[in-house]
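Good morning, colleagues, and thank you for the time. I should like to take you through one model, beginning at a single residue and working outwards.

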Amino acid sequence: EEKNVFEILDKERAGSIDIKDLGRGLRALGLNPTEEEVQGFIKEAQQFPVGKLPFTEFQRLSVKCRKLSITNQEDVRKFFESLDTNHEGFVNANDVKTALLGSGEPLEEAEIDAVLKDFDKGTGRINVRELVEGLFKVSH
């Protein structure tokens, strides 16, 4: 999968991609790095000449990004569980919205509403497990 994405981004067929395409490449793999994480990866990769990234480095960074997203999934689960004051496995949709508006990567209210409508079955309560699994559903 990494090879296919890399080949698409390697427009010149030079065996390397522009370092500025790293974030787009990672997202094309179904990963969701923050802009801060992408910038960190770019700093790591700046050892390569003229802002170019060979396939082996792209692959290494994609593996690292996958590991970060696994950690992030656990952190996200814990975050939503902290909103579950009754420890029933459900959170109030409005509490989730308020929390998402005030934390992490900036999200627009309309984006949050679109996500929540997929998980709120009309009760105003959202299953934490389904929410976290849905947010991290990635096709590999």
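**From strand β1 to the helix pairs**

Let us begin with serine 16, which is found in strand β1, residues 16-18. Please bear in mind throughout that this is a predicted model.

Is serine 16 buried or exposed? Its relative accessible area is 16%, and because the cut-off for burial is under 20%, serine 16 counts as buried. Setting aside neighbours within four places in sequence, serine 16 is in contact with Phe6, Asp10, Lys52, Leu53 and Pro54.

One position earlier in the numbering we come to glycine 15, in the loop between α1 and β1. Glycine 15 is partly exposed, at 39% relative accessibility. Not counting residues up to four places away in sequence, glycine 15 touches Phe6, Asp10, Leu53, Pro54 and Phe55. For a sense of distance, the C-alpha atoms of glycine 15 and leucine 61 are separated by 16 Å, with these positions 46 residues apart along the chain.

The loop between α1 and β1 also holds arginine 13. Arginine 13 is exposed, with a relative accessible area of 61%. Its backbone deserves a remark: phi is near 55 degrees, a positive value in a residue other than glycine. A second residue of this kind is histidine 87, where phi is likewise near 55 degrees, again positive and again not in a glycine. Histidine 87 lies in the loop between α4 and β3, the latter being residues 90-92, and at 69% relative accessibility histidine 87 counts as exposed.

I turn now to isoleucine 17. Which residues does isoleucine 17 contact, leaving aside its neighbours within four places in sequence? They are Phe6, Leu9, Asp10, Gly51, Lys52, Leu53 and Phe58.

Isoleucine 17 also brings us to the largest nonpolar core, which has 18 residues. Within this core, Ile17, Leu22, Leu26, Phe41, Leu53, Phe58 and Leu61 touch the most other members. Four helices each supply at least two residues of the core: α1 (2-9), α2 (22-28), α3 (35-45) and α4 (55-83). Apart from this core lies another, of twelve residues, among them Phe80, Val96, Ile126 and Val132.

Let me take helix α1 in more detail. Its buried residues are Glu2, Val5, Phe6 and Leu9. Viewed down the axis of α1, these buried residues fall within an arc of 100 degrees, so they line one face of the helix. The other side of α1 carries Asn4 and Ile8, which are exposed. The general principle is familiar: an α-helix has 3.6 residues a turn, so residues three or four places apart point the same way.

Among the buried residues of α1 there is a glutamate, namely Glu2. How accessible is glutamate 2? Its relative accessible area is 14%, and glutamate 2 is therefore buried. Beyond its neighbours within four places in sequence, glutamate 2 is in contact with Leu29, Phe55, Phe58, Gln59, Ser62 and Arg66.

We may now move along the chain to helix α5. Here the buried residues are Ala93, Val96, Lys97, Ala99 and Leu100. Seen down the axis of α5, they fall within an arc of 165 degrees, so they too line one face of their helix. On the other side of α5, Asn94 and Thr98 are exposed.

Aspartate 95 is also placed in helix α5, and with a relative accessible area of 39% aspartate 95 is partly exposed. From C-alpha to C-alpha, aspartate 95 and phenylalanine 80 are 9.5 Å apart in space, and 15 residues apart in sequence.

Finally, the packing of α5 against its partner. At what angle do α5 and α6 pack? Helix α5, residues 93-101, and helix α6, residues 109-119, pack at an angle of about 145 degrees, with their axes 10 Å apart. The crossing of α5 and α6 is right-handed. From α5, the contact is made by Ala93, Val96, Lys97, Leu100 and Leu101; from α6, by Glu109, Ile112, Asp113 and Leu116. Sorted by class, this contact has six nonpolar residues, three charged residues and no polar ones.

To close, I would return to two points. Serine 16, where we started, is buried. Val96, one of the residues through which α5 contacts α6, is also listed in the core of twelve residues. I shall be glad to take your questions.

Methods. Residues numbered from 1 in each chain as written. Predicted model: local features only at pLDDT ≥ 70, side-chain atom pairs only at ≥ 80, totals over all residues. Heavy atoms only, no water. Axes fitted to C-alpha atoms, helices over the stretch in contact; angles between N-to-C directions. Left-handed = near helix turned anticlockwise from the far one by under 90°. Contact = heavy atoms within 4.5 Å. Nonpolar A, V, L, I, M, F, W, Y, C, P; charged D, E, K, R; others polar. Core = buried A, V, L, I, M, F, W, Y, C linked by side-chain atoms within 4.5 Å. Buried < 20%, exposed > 50% of the residue type's maximum accessible area, 1.4 Å probe, protein only. Arc of directions from axis to C-beta.
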